[in-house]
Amino acid sequence: MRIHVAALAAAAASLLVVATPAQAAAHQGGLHLGKIQYNSPGSDNRSNTSLNAEWVEIHNNTGSAIQLSGYKLKDNANHTYTFGTYRIGAYKTVRVHTGKGTNTAADRYWGRGSYVWNNTSDKARLIKPSGTQLDSCSWTTSNNGTKYCH
């Protein structure tokens, strides 16, 4: 069986995904929303375990640490998590959980006693301290409780 290089190159080119300017702008500064678990697995019983199974990941895809102090995470109802003094490392991900817990480099805790992210549809927004929206990610029930934003 002979494979033609031109045919192989054409097939590979057809698989390339090119970011639109709007998608590229969403990653300004190299910081963006990643995976969101908006519907915690199991029954929504408001236990701290269930609340902490609802989370949003923020990813730093740059080669430098970024200071997140004053950055905000918001939903459609304007529930707002504001980062205190915190640096996300280069190429690292931080997960912001809805419930209570002890903050670490990889996990931050909102400290809420009720759910934030709507299971039927909602939109997470990452806001700079200046008030400028850096990134956003929305979902509907068709996503089965998890949304991969980028």
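What follows is a short chat about side-chain contacts in this predicted model.

Me: How many salt bridges does a search of the whole structure find?

Reply: The search of this predicted model turns up 1 salt bridge. The partners are arginine 95 and glutamate 57, whose closest N and O atoms are 2.6 Å apart.

Me: Which parts of the chain does that pair link?

Reply: Distant ones: arginine 95 belongs to strand β7 (residues 93-97) and glutamate 57 to strand β2 (residues 55-60), with the two positions 38 residues apart in sequence.

Me: And is glutamate 57 buried or exposed?

Reply: Glutamate 57 has 16% relative accessibility, and because the cut-off for buried is under 20%, glutamate 57 counts as buried. Its partner arginine 95, at 25% relative accessibility, counts as partly exposed.

Me: Which ring does arginine 95 lie over?

Reply: That ring is the one of tryptophan 55, with arginine 95 over its face at 3.6 Å from the ring centre. Arginine 95 therefore has two contacts to keep in mind, the salt bridge with glutamate 57 and the placement over tryptophan 55.

Me: Switching to aromatics, how many aromatic pairs are there?

Reply: The count comes to 6 aromatic pairs. One of them is formed by tyrosine 81 and phenylalanine 83, which meet edge-to-face at 5.0 Å centre to centre, with 85° between the planes. Both tyrosine 81 and phenylalanine 83 are buried.

Me: What about tryptophan 117 and tryptophan 139, and why is that pair edge-to-face?

Reply: Their ring centres are 5.8 Å apart and their planes stand at 65°, so the pair is edge-to-face, given that planes over 60 degrees apart are classed that way. Tryptophan 117 sits in the loop between β8 (107-109) and β9 (121-127), whereas tryptophan 139 is in strand β10 (residues 133-140), so the pair ties together parts 22 residues apart in sequence. Tryptophan 117 and tryptophan 139 are both buried.

Me: Which residues form the aromatic cluster?

Reply: One cluster is made up of Tyr38, Tyr81, Phe83, Tyr86, Trp110, Trp117 and Trp139.

Me: Last topic, which cysteines does the disulfide join?

Reply: The structure holds 1 disulfide, and it joins cysteine 137 to cysteine 149 with an S to S distance of 2.0 Å. The angle about the S-S bond is -90°, and the link is left-handed. Cysteine 137 lies in strand β10 and cysteine 149 in the segment after β11 (146-148), so the disulfide ties together parts that are 12 residues apart in sequence.

Me: Are those cysteines buried or exposed?

Reply: Cysteine 137 counts as buried at 5% relative accessibility, and cysteine 149 counts as buried at 16%.

Notes: Residues numbered from 1 in each chain as written. Predicted model: local features only at pLDDT ≥ 70, side-chain atom pairs only at ≥ 80, totals over all residues. Heavy atoms only, no water. Salt bridge = Lys/Arg side-chain N within 4 Å of Asp/Glu carboxyl O. Helix = DSSP H or I, 4+ residues; strand = E, 2+ residues; numbered from the N terminus. Buried < 20%, exposed > 50% of the residue type's maximum accessible area, 1.4 Å probe, protein only. Phe/Tyr/Trp six-rings, centres within 6.5 Å; stacked < 30°, edge-to-face > 60°. Lys NZ or Arg CZ within 6 Å of the ring centre and 35° of its normal. Disulfide = S-S within 2.5 Å.
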